[in-house]
Structure formats: C-alpha cells, structure tokens
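Subject: Structure handover

Hello,

Here is the structure for your files. My notes on it follow below.

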Amino acid sequence: MAIQSIDPTSGDVIASYEQMAPEAVQGIVEHVHEAFLGWRQTSFSDRSTLMRKAAQVLRDNARDCARLIAREMGKPLRDGIAEVQKCALGCDFYAERAAHFLAREPVVTEARKSFVTFQPLGVILAVMPWNFPFWQVFRFAAPSLMAGNAAVLKHASNVPGCALAIEAVFNDAGFPPNLFRTLIIESSQVQAVIEHKLVRAATLTGSGPAGRSVASKAGAVLKKTVLELGGSDPYLVLEDADLDLAAEVSTKGRLVNAGQSCIAAKRFVVVEKVRRDFEERFVKHMSAVRMGDPLADGTEMGPLARHDLRATLHRQVEASIAQGATCLLGGTIPPGPGAYYPPTILTGVRKDMPAYDEELFGPVAAIMPVRDEAEAIAAANNSVFGLGGGVFTRDLVRGELIAAELIESGNVFVNAAVRSDPRLPFGGIKESGYGRELSHYGIREFVNIKAVSVA
Ligand code: NAP
C-alpha cells in the first residue's frame with residue numbers, strides 16, 4: 001500500500017510513497033543500531049561539528065523545506081521558513097550545550113570517587129505529528145543524537161515528503177549513514193518497531209489515543225516513553241488586563257499554524273467585567289487575518305492540514321452552538337476547494353460543550369465568562385489537559401503567582417503567548433502527557449543516568 005501526501009488546498013495527490021515491508025523495517029532498525037555502536041564512541045565535539053552542519057543545511061534549504069511543508073500540510077511559506085530556522089537554532093543550541101548538560105556530576109560519598117554519568121540508550125523511536133513537521137522532529141532529534149543515541153522516525157502519514165527531507169538533512173550534514181532513518185510505515189506497524197529488541201525507548205507527539213496506544217505497547221515490553229499530547233490551553237483575561245494586548249496576543253496564540261498547535265490558546269477565560277470589551281477587540285483582530293493559499297505572498301493563515309480535520313472541527317463548533325454557545329465570528333465552511341476554515345469565535349462556552357471539554361484543533365476560540373479570578377483559575381484547571389496557559393494582568397506579581405502556583409500545566413506565560421523555546425523545558429501533565437523536551441531536561445530523557453562509585 002502507498003502512503004500519499006495530499007495538497008490540502010486542492011485535495012490533489014502530490015506524491016505516493018511505497019510503504020516499507022515489515023522485514024525492511026526490521027533491517028533498517030538493525031542498521032541504525034550498527035550506526036549507534038560507532039556513534040556512541042564519538043566525542044561531543046565531533047557530534048557538535050555535525051550538528052552545526054545540520055543547522056547550516058537547514059538554513060541553506062529553508063525555503064525549499066518550507067515549500068514542501070506548505071504543499072503537504074498547508075503552512076504559509078513564511079511560517080515554514082521560520083519553523084525550519086527554529087530547527088537550525090535547536091541544532092545549534094544542543095551542539096553548543098550538550099557536553100555541559102551531560103557532563104559527569106561528581107558526588108561526595110564515603111567512596112574514593114563517586115559520580116553520575118549520562119550514557120546513551122541506543123535506537124530511539126520517534127512517532128511524530130504533521131503540524132510542525134520539521135520542528136517536532138528536530139526538537140527530539142537534536143538532543144537525542146547529541147546524547148549519543150540513534151533514531152528511527154515514523155512521521156505522520158500526510159507528511160512523508162517532510163520525513164524523507166529530514167533524513168536527507170542529517171545525511172547532507174555528514175552524519176554517519178543510518179544514524180537517523182525515516183520509516184515509511186503506517187501506525188499499525190509501530191508496535192513491531194517498539195517490540196524490536198534493539199529499540200530502547202519511544203517518544204510520541206500527537207493525540208491522546210495515539211499516546212495511549214504507544215505507551216501501552218511500550219509498557220508491555222518495559223520500554224520508556226515520553227509523550228507530548230494534546231492541550232486545551234486556557235488564557236485568563238483578568239479585570240486589570242491590558243485588553244488591547246490581550247486581544248492581539250490571543251489572536252496570534254489562537255491562529256498560530258491555523259490553530260493546529262498543541263500549545264495554541266484555545267480557551268479564553270474572561271472575567272465578566274471586561275468580557276464585552278475584550279470580545280470587541282478580539283473580533284477585530286481575528287477578522288483582520290488574511291487566509292489563503294499558503295504559497296502566496298501575504299497569506300497569514302493557510303487551510304487546515306486535512307479535510308477530515310476540518311470536518312471534525314466544524315462538528316465541534318456546530319455542536320457547541322446547538323448547546324447554547326454564541327458565534328461571534330466565522331463558524332461556516334467557505335465555498336470552494338481546500339480545507340479552509342475561517343477564524344471563529346464562540347462565546348458563552350460552558351462545561352459539557354465540545355468547545356469546553358475537547359481540544360479544538362483549528363482557528364476556533366472558545367470564550368468562557370467567569371465572575372472573578374478564583375472562578376477563572378477553577379475553569380482553567382477544569383480540563384483533562386495540562387499543557388500550557390496564559391494570564392493577562394497588569395499586576396505582574398499577581399500574574400507570576402497565578403502562573404507559578406495556581407495553573408495546572410507544564411508552561412504558563414504572563415502577558416504573552418506560550419511558545420516553545422530550546423532554553424525552556426516543554427511538556428505537559430494530566431492527559432497532555434509526561435516527560436519533557438528541550439533544555440537540559442529534554443536531553444536527559446533518553447540517557448542512562450548511571451551512578452559510578454570507586455571504593
Ligand atoms: P495523531 O493522529 O495522534 O498522530 C500523531 C502520530 O502518531 C502520527 O505519526 C500518527 O501516524 C501516529 N499514530 C496515530 N495513531 C497511532 C497508533 N495507534 N499507534 C502508533 N502511532 C499512531 O495526531 P495528529 O492529528 O497528527 O496531531 C494532532 C495532535 O497532536 C493534537 O492532539 C495535538 O495537540 C498533538 N500535539 C501535541 C504536541 C505536544 O508537544 N504536546 C505537539 C504537536 C501536536 P499516522 O499519521 O500514520 O496516523
């Protein structure tokens with residue numbers, strides 16, 4: 001069977017890729033393990049040289065990569081270029097700091113010498129989503145390879161071209177052959193890879209159902225997993241917020257990647273006193289965004305990545321309206337080809353509506369009015385997810401306290417939209433997953449934290 005990339009602006013098939021047979025996949029894992037045996041013995045300095053070359057290859061090819069991203073999943077060209085450049089930044093970040101992050105840690109004991117050392121594990125499986133088809137992979141791959149591991153990638157089925165382009169980046173940078181390999185397989189083939197005796201751990205970025213499936217299969221064979229799953233990030237707009245800033249940032253936070261980001265702002269928990277003023281500004285900003293062909297100049301928002309994702313989103317919007325939510329903007333599927341969905345705002349969203357309980361993976365904002373700060377925090381935490389969150393207030397002490405102590409999630413930004421940054425750990429709690437990527441926490445997920453003591 002073939003795996004196809006389909007242009008979301010037209011529904012046309014761009015390219016077909018032959019699915020790898022189970023025996024071929026097993027063979028690739030063995031080759032990757034072979035490459036690992038040599039790689040684990042290289043110095044940080046040698047690894048850094050290659051990782052910096054990977055960063056250069058990315059920068060040199062940013063436009064071509066962005067074009068591929070645009071064609072396979074609809075991201076506007078300028079956003080794709082920014083994504084690829086961010087990957088280069090991530091490669092440079094770990095090239096520079098991996099030796100420091102993984103340096104031996106001396107420990108004082110009664111022995112002559114005791115220390116902690118961080119050893120690579122071997123072949124790591126990465127199961128990745130299409131929404132940031134380069135960045136999701138590089139933020140795993142850069143630290144993992146710098147730590148001395150090797151990797152196999154099972155990318156989302158709608159971005160096989162990106163998956164192969166990423167493999168090519170590592171080859172073009174001069175990494176040992178087979179150290180990073182892309183598997184063109186469907187999700188039903190993932191179990192066999194997890195169970196392969198040479199695969200030591202798995203990471204998955206994607207939906208809850210996929211996370212549960214991969215984690216349970218890895219658990220059955222006692223292999224570690226890191227899960228970066230969905231989110232429904234709450235943005236609290238308090239009565240002392242700068243509403244112009246809140247509306248502007250909320251628009252960017254909601255419409256990033258046409259709303260298809262795990263850390264997009266999804267639930268806007270707004271104190272009743274300022275709700276109308278915020279809504280007015282929010283509608284103004286959201287309606288000004290230019291939606292169109294991702295390859296055209298000036299496009300700020302492309303289509304959704306697939307037609308089935310648009311159908312799901314529209315069902316969530318319609319069901320929420322049927323249950324009493326009010327649509328302030330958008331909410332209708334535009335005529336013509338392409339998986340386009342307009343910026344949409346629902347207000348009066350309450351518990352038990354899909355817009356409250358479920359992740360809205362598209363440009364749909366759900367406004368939830370609350371009486372005060374206490375109700376806002378309760379509403380923010382009343383979610384199965386715990387990935388990111390935002391707080392808007394002019395009182396920075398208050399904002400910091402709410403962010404640090406009261407919101408249950410892995411990241412909270414005050415007066416700004418949540419974004420991933422190689423310097424900060426990234427990940428979630430509750431059904432948003434476990435484990436961390438980025439920073440020194442990320443590079444320590446797939447290493448053996450080994451204690452050594454010399455009597
Ligand atoms: P998805 O359907 O879960 O797919 C993600 C990856 O998992 C794809 O490679 C997919 O392969 C694979 N997969 C799906 N079901 C599987 C199974 N049962 N066993 C093994 N692999 C399986 O998610 P998506 O629609 O691509 O991405 C959207 C979701 O990802 C959202 O919930 C979003 O919030 C989340 N996400 C989270 C983060 C984060 O860092 N926390 C970042 C980005 C996205 P196929 O394509 O072949 O099905």
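Ligand site

The ligand is surrounded by 29 residues, a residue being counted if one of its heavy atoms lies within 4 Å. Arg-139, Ser-157, Ser-207, Leu-229 and Glu-359 are the closest of them. This is a predicted model, in which local features need pLDDT of at least 70 and side-chain atom pairs count only at pLDDT 80 or more, while totals for chains, interfaces and linings use all residues. Residues are numbered from 1 along each chain as its sequence is written, and side-chain values use heavy atoms, with hydrogens and water left out.

Ligand oxygen atoms come up in three short distances. One is 2.4 Å from an N or O atom in the Ser-207 side chain. Two others involve backbone: a polar backbone atom of Met-128 is 2.8 Å from a ligand oxygen, and a polar backbone atom of Gly-206 is 3.3 Å from a ligand oxygen. The ligand taken alone exposes 900 Å², of which the protein buries 86% (Shrake-Rupley method, 1.4 Å probe). Two or more residues of the shell come from each of α5 (135–146), β8 (199–205) and α8 (208–220); helices are DSSP runs of H or I with at least four residues, strands are runs of E with at least two, and both are numbered from the N terminus. The largest share, three residues, is that of α8.

Domains and core

The chain is divided into domain 1 (2–229 + 432–454) and domain 2 (233–422), with bounds from an automatic or database domain assignment. Their centres, taken over C-alpha atoms, are separated by 30 Å. Across the boundary, 30 residues of domain 1 are in contact (heavy atoms within 4.5 Å) with 31 residues of domain 2.

The largest nonpolar core has 149 residues. Such a core is a set of buried Ala, Val, Leu, Ile, Met, Phe, Trp, Tyr and Cys residues joined through side-chain atoms within 4.5 Å; buried means under 20% relative accessible area, exposed over 50%, and partly exposed in between, with a 1.4 Å probe and protein chains only. Helix α4 (residues 77–101) gives the most to this core, 11 residues, and each of the two domains supplies at least three. Met-51, Phe-134, Phe-175 and Phe-278 have the most contacts inside the core. Beyond its neighbours within four places in sequence, Phe-134 is in contact with residues including Leu-58, Cys-65, Ile-69 and Val-84.

Three buried residues

Ala-66 sits in helix α3 (residues 62–73) and is buried at 0% relative accessibility. Not counting residues up to four places away in sequence, Ala-66 touches Leu-77, Gly-80, Ile-81 and Val-84.

Val-349 belongs to the loop between β13 (344–347) and α12 (354–357). With a relative accessible area of 2%, Val-349 is buried. Leaving aside neighbours within four places in sequence, its contacts include Ala-325, Tyr-356, Ile-367 and Pro-369.

Thr-393 is in the loop between β16 (390–392) and α14 (396–406), and is buried at 1% relative accessible area. Its side chain makes a polar contact of 2.7 Å with that of Asp-240; the term covers a pair of N or O atoms within 3.5 Å, where within protein one must be able to donate a hydrogen and the other to accept it, and residues adjacent in sequence count only if both atoms are side-chain atoms. A polar atom of the Thr-393 side chain also lies 3.0 Å from the backbone nitrogen of Asp-395.

Regards
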